[in-house]
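Reader: I am new to this structure and would like a close look at a single part, the surroundings of the ligand. Please take me through the helices there, and then outward to whatever adjoins them in the chain or in the sheets.

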Amino acid sequence: MKCPHDPFRDQRKNSPIQTCDFQGETVPMILRHGDLRAACKDWKTYSSDAPFRVPIPSEEELRRVRQLPIETDPPEQTEWRKIVEPFFKRAKLPEVIEAVEKLFDEMLDLAAKSESIEIVRDFALPVQSRALTYLLDVPEAEGDIWTSWGIHVFKDGDDEEQKGMVLENYLREKFDAAEENPGDDFFSALTKATFQDRPLTRDEMMGFANLAFAGGRDTVIHTITSIFSYFAENPAALESLKGEPKRIVAASEEFFRVVTPLTHIGRVCPVTTDVHGFEVKPEGRVSMCWSSANNDEEVFDSPEEIRLDRKPNPHVAFGFGAHLCLGAPHARLLVRTLIEKLSERSFSIEVLERVEKVENEESYSRSVGYESLVVALN
Ligand code: HEM
């Protein structure tokens, strides 16, 4: 993996924004690191209180419920966030760290036994699914069900009617069971939770669960896959990280910066707003372009270079401000452990086949990891 081409570089030098048409709407994308951080703090101007419209393209067709807490603004967002925070903090528990280490050991043992392995489906997806069971405190076997849904379950099912229904049907069963016989898991906690002294509606429970499943799926899978690709081409870099936990942490951050699996995310302007010279009409959208900000040469020295020891590294791959990614500690644990385990085993990684995943939009295209990556581990 080379540092992916930064499609916003030239525009960012000349202008703080780039416009792009999404689903017939012209959206200004905020390109510069400083502007983007300021906009993330200014949630009154750039609001997330917009069901289905925080993701770009928007997701009216993909799900039926508002995702929580991401599609809300402070101060309610702070209250929503508190409901699920204890689960996301589990990524720091010794037993969760140990379970993730064991998971990578098992998966790498399996991978090393096969002649070749397709990393997206046969490594990253099962790792992501099983690791999520530790976070949500549900039996590990549930992870196999989530893996069986395949890669594109939340995005592009073949049948319009079926889009998103696999997850929705699954969640309905889980909440029914939890209401009948509550335990300590994520689903049960949502059935017991209250917001402003009232129980959650079923749609609110669904909204939390939908994001917990969708938010960490492609993002984690693309990051893991890109790391395999990078170390296949840079074996000495892997070797140099062996037994160097601090340097592994720095390397993880650089992978998050370079991969930035979520190119951008939307905000909605409640009133007419001048966004760096572009007039956004009420209810019009603006994009927070994390991937451009993460390549801003005013902040990152030679951003096109992958420097595993980059410090400081104030990347915004996990967002910034009130909505800072709740899953970041979990994603960091996974990436750190992957690098630790790969370097411990001194694997040589050979790429046999690769199909890049490219996000093609009206005014840019950007490489975001791989559709598939077949490697041999020796
Ligand atoms: C490399 C992996 C990941 C990346 C790059 C990433 C990226 C992001 C970004 C940019 C945001 C901010 C959205 C905004 O400002 O509107 C966010 C929020 C969020 N992410 Fe992640 N994410 C990752 C992994 C995960 C995982 C593993 C989970 C869950 C298991 C997760 C769950 C969430 C949730 C719940 C929020 C909403 C927080 C809030 O609104 O307060 N993410 N993520």
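Author: In this predicted model, five helices each supply at least two residues of the shell around the ligand, namely α3 (76-88), α5 (119-136), α9 (202-214), α10 (218-233) and α14 (328-344). Of these, α10 gives the most to that shell, with 3 residues. The shell as a whole has 29 residues surrounding the ligand, and the closest are Gly 215, Gly 216, Gly 319, Cys 325 and Gly 327. By character, the residues of the shell divide into 18 nonpolar, 10 polar and 1 charged.

Two of the helices that contribute to the shell, α5 and α10, also meet each other, and their pairing can be followed residue by residue. Two packed helices are described by the angle between their axes and the distance between the axes. For α5 and α10, the axes come within 9 Å and cross at roughly 125°, and the two helices are therefore oblique to each other. The crossing in which α5 passes α10 is right-handed. On the side of α5, the contact is made by Ile 119, Val 120, Ala 124, Leu 125, Val 127 and Gln 128, while α10 brings Val 220, Ile 221, Ile 224, Thr 225 and Phe 228 to it. The residues of this contact divide into 9 nonpolar and 2 polar, with no charged residue among them.

Another helix of the shell, α14, has a partner of its own in α12 (residues 245-259), and here the axes come within 9 Å and cross at roughly 120°. At that angle α12 and α14 are therefore oblique to each other, and α12 passes α14 in a right-handed crossing. The residues that meet are Ile 248, Val 249, Ala 251, Ser 252 and Phe 255 in α12, and Arg 332, Val 335, Arg 336, Ile 339 and Glu 340 in α14. This contact divides into 6 nonpolar residues, 1 polar and 3 charged, whereas the contact of α5 with α10 has no charged residue.

From the helices one can turn to the strands, beginning with β3, which covers residues 117-118 and is one of the edge strands of its sheet. That sheet is open and is formed by 3 strands in the order β3-β11-β10, with antiparallel pairing. The other edge strand is β10 (349-360), and each of the two edge strands pairs on one side only. Between β3 and β11 (residues 365-377) the pairing is antiparallel and runs over 2 bridges, and within it Glu 118 stands opposite Val 374 in β11. On the other side of the sheet order, β10 and β11 pair in the antiparallel sense over 10 bridges, where the bridge partner of Glu 356 is Tyr 370 in β11. The connection between β10 and β11 is a hairpin of 4 residues.

Returning to the helix α3, which is among those that supply the shell, the loop between α2 (33-41) and α3 holds Pro 69, and Pro 75 lies in that loop between α2 and α3 as well. The peptide bond from Leu 68 to Pro 69 is cis, with omega near 0°, and the bond from Pro 74 to Pro 75 is likewise cis, with omega near 0°.

A further sheet completes the view of the strands. It is an open sheet of 4 strands in the order β1-β2-β9-β6, and its pairing is mixed. Its edge strands are β1 and β6 (265-269), each of which pairs on one side only, and the twist averages 35° from one strand to the next. Within this sheet, β2 and β9 (residues 284-288) run parallel and are joined by 2 bridges, with Met 288 in β9 as the bridge partner of Ile 30. The loop between β1 (17-22) and β2 (25-30) is the place of Gln 23, a residue that has a positive phi of about 50° although it is not a glycine.

Terms used
Residues are numbered from 1 along each chain as its sequence is written. This is a predicted model: local features need pLDDT of at least 70, side-chain atom pairs count only at pLDDT 80 or more; totals for chains, interfaces and linings use all residues. A residue is near a molecule or strand if its C-beta atom, placed from the backbone, lies within 6 Å of it. Ala, Val, Leu, Ile, Met, Phe, Trp, Tyr, Cys and Pro count as nonpolar, Asp, Glu, Lys and Arg as charged, and the others, Gly among them, as polar. Axes are lines fitted to C-alpha atoms, for helices over the stretch in contact, and angles run from 0 to 180 degrees between N-to-C directions. Angles under 35 degrees count as roughly parallel, over 145 as roughly antiparallel, 65 to 115 as roughly perpendicular and the rest as oblique. A crossing is left-handed if the near helix is turned anticlockwise from the far one by less than a right angle, and right-handed if clockwise. Two residues are in contact if their C-beta atoms, placed from the backbone, lie within 7 Å. Two strands pair if DSSP finds at least two bridges between them.
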